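Start with the overall layout of the chain, then follow the charged side chains from one element to another. The sequence and model come next.

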Amino acid sequence: MRPSHTLFVLVFWLALPLTSFTRADSLIESHKFYVSVTQVEYAQEEESLQIISRIFIDDLESALLTRYDVEADLGTPEESAQGIAYIERYFNSKFTVFINGEVRKYTFLGRKYDRDQVICYLEISGIPEAGLESVGVQNEILMDVFEEQKNLVHLKILGQKKSYVLVRENNKGMLNL
């Protein structure tokens, strides 16, 4: 990780407890940081790429409202089934995984909520270790809604690790094995 990215990550995690994590009644800014965190790991036994992405609920709701005109009410008793389907649709349009340079489709396994965040689970099956040369991610989640959006991506593949802070101008990260 470059020093500037290391500093950003350190400042983000130190400042995180100081930000407000209450749900706003409207889609008005409720926190200062526009950050998502995505972890991509290779599971050797399952021969699959397992992906976990954490996004602030209010930010994702803003994206669904802006892009699809859907009021999802995520994580509430009024949560819309349509809104849940649009989360998957949004991911399919803004999150891409490359295996050995080629786009690979993933399965959206589901989501759960943790306080003010939605945690999304994705998986790509059928990736044998033999011949696995590189894993790349293009993450444009929320970049169409918030100019300041930063998407942290942590890749952990076959014992190698690499982290990226992705922004609009540089929205791809790759780990060569």
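**Layout and charged contacts**

Read from one end of the sequence to the other, the protein chain runs α-β-β-α-α-β-β-β-β-β-β-β-β. In total there are 3 helices and 10 strands. The model is a predicted one. Of the 177 residues in the protein chain, 45% are buried.

The salt bridges are a useful way to trace how separate stretches of the chain meet. Their count comes to 4. In one of these, the side chains of R54 and D114 meet at 3.6 Å, N to O. R54 belongs to strand β2 (residues 48-56) and D114 to strand β5 (residues 107-114), so this pair ties together parts that are 60 residues apart in sequence. R54 is partly exposed because its relative accessible area is 32%, a value between the 20% limit for buried and the 50% limit for exposed. D114 has a relative accessible area of 33% and is also partly exposed.

Strand β5 takes part in another salt bridge, in which the side chain of R111 meets that of E79 at 3.1 Å, N to O. This pair links distant parts of the chain: R111 is in strand β5, whereas E79 is in the loop between α2 and α3, 32 residues apart. Both partners count as partly exposed, E79 with a relative accessible area of 23% and R111 with 25%.

Helix α2 is reached by a further salt bridge, between D144 and R67, with the closest N and O atoms 3.6 Å apart. D144 sits in the loop between β7 (134-139) and β8 (150-157), and R67 in helix α2, so that distant parts of the chain, 77 residues apart, are linked. D144 is partly exposed at 32% relative accessibility, and R67 is partly exposed at 38%. Through salt bridges that share partners, R67, K94 and D144 are joined into one network.

Now return to the loop between α2 (57-68) and α3 (81-94), where E78 is found. What kind of charge gathers in the surface patch that includes E78? The charge is negative, and the patch is made up of D69, E71, D73 and E78. E78 counts as exposed because its relative accessibility is 54%, and the cut-off for exposed is over 50%.

Is L74, in this loop between α2 and α3, buried or exposed? L74 is buried, since its relative accessible area is 0%. L74 and I84 are 10 residues apart in sequence, and their C-alpha atoms are 7.7 Å apart in space.

One charged residue remains to be placed. E123 is in strand β6 (residues 117-124). Although buried, E123 has no salt bridge. Which side chain of opposite charge is nearest to E123? That side chain is R104, at 11 Å, whereas a salt bridge requires a nitrogen and a carboxyl oxygen within 4 Å. What E123 does have is a polar contact from its side chain to the side chain of S48, at 3.1 Å.

Note on methods. Residues are numbered from 1 along each chain as its sequence is written. This is a predicted model: local features need pLDDT of at least 70, side-chain atom pairs count only at pLDDT 80 or more; totals for chains, interfaces and linings use all residues. Side-chain values use heavy atoms; hydrogens and water are left out. Patches are made of residues with over 30% relative accessible area and no salt bridge: like charges are joined within 9 Å, nonpolar side chains (Val, Leu, Ile, Met, Phe, Trp, Tyr) within 5 Å. Accessible areas come from the Shrake-Rupley method with a 1.4 Å probe; for residues, only the protein chains shown count as cover. Lys and Arg count as positive and Asp and Glu as negative; His and the chain ends are not counted. The place of a charge is taken as NZ of Lys, CZ of Arg, CG of Asp or CD of Glu. Helices (H or I, at least four residues) and strands (E, at least two) are DSSP runs, numbered from the N terminus. Buried means under 20% relative accessible area, exposed over 50%, partly exposed in between (1.4 Å probe, protein chains only). A polar contact is a pair of N or O atoms within 3.5 Å; within protein, one must be able to donate a hydrogen and the other to accept it, and residues adjacent in sequence count only if both atoms are side-chain atoms.
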